[in-house]
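Work through the following exercises with the sequence and the 3D structure open beside you. Each task is followed by a solution that goes step by step.

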Amino acid sequence: MNSAARIEAFLEMMSAERGAAENTLSSYRRDLEDASQQIGGGLAAATAADIRAYLDDIAARGFAPTSQARKLSAIRQFFKFLYAEGLRGDDPTGTLDSPKKGRPLPKTMSEADTGRLLDRAALEAGDGVNGDRLAALRLHALVEVLYATGLRVSELVGLPVTVAQRDDRFFMVRGKGDKERMVPLSAKARTAMRAWLTARATVPAFADSPFLFPAAGDSGYLSRQVFARDLKGLAARAGIAAAKISPHVLRHAFASHLLQNGADLRAVQQLLGHADISTTQIYTHVLEERLVRLVNDHHPLAD
């Protein structure tokens, strides 16, 4: 059985026994076929030295560490299968180290840019300068609530209408793993939500919707894609590069700005709904900057 046939057998196993999705199978196929083409004699017969040389080659070709790690993971799974099936007596990937993955810093926005974005949303909602005032009021409510709470975009667009009807300073949201957490609402966010609620009441199709941001789609509420598109348009009108902003970037801005202004990392973890503090530690660069400023501003020998 040659390498191509063994790759097919591996993919059949992943589909039948592991229930791998079509996208996963396609990714495995691309990675394994690329490795097989690059390694002389085919992948199935490769030695540890062959695979190490292949990894060095893709690194030299400019593949990101995450892509290198994904390719090595596919190769590891392939050789585990060959060994388990008795098609190889060894696993040449056993001694290979995974490529080091540098943890990228989250994209965020400065407080000044965030202020410009929110000011533009308020202007359009108040004056209708962008034409569709109903859409402007909805977008203003969305961005104010997102920046006030740091919600995941899926949590934001699916908010129940009762959040606005109660007009409380805090509300409970059900996040990942069906866990509930309490999040705050700023005065500006509550005002923007009330304005949207009043406008929403003028649309008969929205009258019986249980969602704060209803829509005609299958879910019954505004899609993430529509919000992301509208947010990019708002950014462009505010003079901010649309490529720099997304709902997730505003969530990161919420967390970063809290930390920059003295919030505790564990408090931010709870507000974001992170199950593990290690997830929130992507923001430690913000804490480091704050500590440097603290020492430079207050240490008696800083001068």
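A residue is called buried when its relative accessible area is under 20%, exposed when that area is over 50%, and partly exposed in between. The model used here is predicted.

**Exercise 1.** Decide whether D34 and R61 are buried or partly exposed, and state which parts of the chain their salt bridge ties together.

*Solution.* Begin with D34, whose relative accessibility of 16% falls under the 20% cut-off, so that D34 counts as buried. Next take R61, which at 41% relative accessibility counts as partly exposed. The side chains of R61 and D34 meet in a salt bridge, with 3.7 Å from N to O. Because R61 lies in the loop between α3 (48-60) and α4 (65-84), while D34 belongs to helix α2 (residues 22-38), the pair ties together parts that are 27 residues apart in sequence. As a last step, place the pair in its surroundings: D34 and R61 belong to a network of salt bridges that also links D31, D57, R70 and K71.

**Exercise 2.** Describe the salt bridge between E155 and R181, and then the one between R166 and D168, giving the burial of each partner.

*Solution.* In the first pair, the closest N and O atoms of E155 and R181 are 2.7 Å apart. This pair links distant parts of the chain, since E155 sits in helix α7 (residues 153-157) and R181 in strand β2 (residues 180-184), 26 residues apart. Both E155 and R181 are buried. In the second pair, the side chains of R166 and D168 meet at 3.7 Å, N to O. Here R166 is partly exposed at 47% relative accessibility, and D168 is partly exposed at 36%. To close the count, the model holds 19 salt bridges.

**Exercise 3.** Which residues form a nonpolar patch on the surface together with F170?

*Solution.* The partners of F170 are M172 and M182, and the patch has about 300 Å² of accessible area together. F170 lies in strand β1 (residues 170-174), and with a relative accessible area of 42% F170 is partly exposed.

**Exercise 4.** How many residues of helix α11 are buried, and what span does the helix reach?

*Solution.* Helix α11 (residues 247-260) has 14 residues and reaches 20 Å from its first C-alpha to its last, close to the 20 Å expected at 1.5 Å a residue. Eleven of the 14 residues are buried, so that α11 is mostly covered; among them are P247, L250, F254 and H257. Following α11 comes G262, which has a positive phi near 105°.

Key:
Residues numbered from 1 in each chain as written. Predicted model: local features only at pLDDT ≥ 70, side-chain atom pairs only at ≥ 80, totals over all residues. Heavy atoms only, no water. Salt bridge = Lys/Arg side-chain N within 4 Å of Asp/Glu carboxyl O. Helix = DSSP H or I, 4+ residues; strand = E, 2+ residues; numbered from the N terminus. Buried < 20%, exposed > 50% of the residue type's maximum accessible area, 1.4 Å probe, protein only. Patch = residues over 30% accessible without salt bridge, like charges linked within 9 Å, V, L, I, M, F, W, Y side chains within 5 Å. Areas by Shrake-Rupley, 256 points an atom, 1.4 Å probe, with all protein chains shown as cover. Expected span 1.5 Å × (residues − 1).
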